[in-house]
Amino acid sequence: MNIETIAAQAAHKIDSATGAVAPPIYLSTTFERDADGQYGRGFVYSRSNNPNRQALEECMALLEGGHSAVAFSSGMAAISSVFQALSPGDHILLPSDCYHGTSQVVRDVFSDWGLKATTVDMTDPEQVSRALLPSTRIVWTETPSNPVLKITDLAGIAAIAHDAGALCVSDNTWASPILQQPLALGVDLVVHSTTKYLGGHEDVLGGVVVGRQDSDFLRRIRSIQSRYGAVPSPFDCWLVMRGIRTLAIRMPAHSERALRIARFLEEQPRVERVHYPGLPDHPGHATASAQMSAYGGMLSFQVRGGIEEAFGVAAKVKVFVRATSLGGTQSLIEHRASTEGPTSSTPDNLLRVSVGLENVDDLMEDLAQAL
Ligand SMILES: *Cc1c(COP(=O)(O)O)cnc(C)c1O
């Protein structure tokens, strides 16, 4: 089945009890046990499993081409489950440009648990090889990366990780499975913040881990899901499934608009630099063209000057919304360094843009007047 069909039908989950085409939301926290003590219908208690969560997990496994998926209450819960599945003394390689929450949780929480981490430029395979240790268990990738849209060669980095006996994990939030399929490139685990493009409407928080194969590590993540209990509610799962139905047409639409805006920004005298992998002079353009079907709806740009000039531009937008997050129908603009806080290494003059689904001329006009 092609991915557009899987997405449009949300994995064809017709309710078996009633034939409902839009699935019901199963709010029940507990499920009846058979007279012989079995749970013949497969559900026991909603922390361990729930019909809506199961449907979302099956759908995500199909979309990413994986063996199975494990859903969480947020992207950070999904990401943390991967680190929680490691053991004290294990070593992680993290990319220098990466979602701030990921590097922060490793530094501030998991270092106390005895996990070791080294930060490298994931776009440089030699640096990655040199940083590997005998104890390296995970090579973490995020492409395009947050916030300067670096592009990592997923097949190349997965091969390096495997040679060293480590797993390669890829945060596929920004590309979504429509634009990029990391598992097919050899990556072992994909993580998502489903809060972003998968949910797609800025109204639900969630996360998911998808494994290429069944493994002890994936089973450990599943057991962390039900024991630690950072599980998504049935309604959250339902909302993400609803978002998925339009994902395959939303992603190319976000990407087309973002490319137009990136080209437009390049021409603006008050813009110093545009970061978008769809631009031919972006250092990751060739790799992105090889591993993505379009370049996505995220871009960032640096305003000539410093923090004040960048805030000045953000202050003047009327169509864009000044807010964090991404992946929804409304275009957002954000001064990223101040969101990330004092440990941020994001340039002070950088604005991050999530291009929504508005008319692109309205968006360009808005940026033109703000600049
Ligand atoms: C937003 C985001 C996360 C965190 O997800 P939450 O749902 O906010 O917990 C992780 N990775 C990337 C790339 C993100 O954009």
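The exercises below, each with a worked solution, concern a predicted model of a protein.

**Exercise 1.** Determine how many helices and strands the protein has, and work out why the protein counts as compact as a globular protein of that length.

*Solution.* Begin with the secondary structure, which comprises 14 helices and 12 strands. Next, take the radius of gyration, which is 21 Å and lies close to the 21 Å that the globule rule gives for 371 residues, so the protein is as compact as a globular protein of that length. Then turn to the C-alpha trace, which spans about 75 × 50 × 35 Å along its principal axes.

**Exercise 2.** Find what share of the residues is buried and what share of the exposed surface carbon and sulfur atoms supply.

*Solution.* Taking buried to mean under 20% relative accessible area, one finds that 56% of the 371 residues fall into this class. The surface that the protein exposes comes to about 15,500 Å², and carbon and sulfur atoms supply 52% of it.

**Exercise 3.** Establish whether strand S12 (residues 350–354) is mostly covered or uncovered, and identify the bridge partners of Leu299 and His335 in S12.

*Solution.* Count the buried residues to begin: five of the five residues in S12 are buried, and the strand is thus mostly covered. Then separate the faces, where Leu350, Arg352 and Ser354 lie on one side and Leu351 and Val353 on the other, all of them buried. Finally, consider the pairing: strand S9 (residues 298–303) runs antiparallel to S12 over five bridges, with Leu299 partnered by Val353, while strand S11 (residues 332–335) is joined to S12 by four bridges, also in the antiparallel sense, with His335 partnered by Leu351.

Notes
Residues numbered from 1 in each chain as written. Predicted model: local features only at pLDDT ≥ 70, side-chain atom pairs only at ≥ 80, totals over all residues. Heavy atoms only, no water. Helix = DSSP H or I, 4+ residues; strand = E, 2+ residues; numbered from the N terminus. Rg over C-alpha atoms; globule rule 2.2 N^0.38 Å. Buried < 20%, exposed > 50% of the residue type's maximum accessible area, 1.4 Å probe, protein only. Areas by Shrake-Rupley, 256 points an atom, 1.4 Å probe, with all protein chains shown as cover. Pairing = 2+ DSSP bridges.
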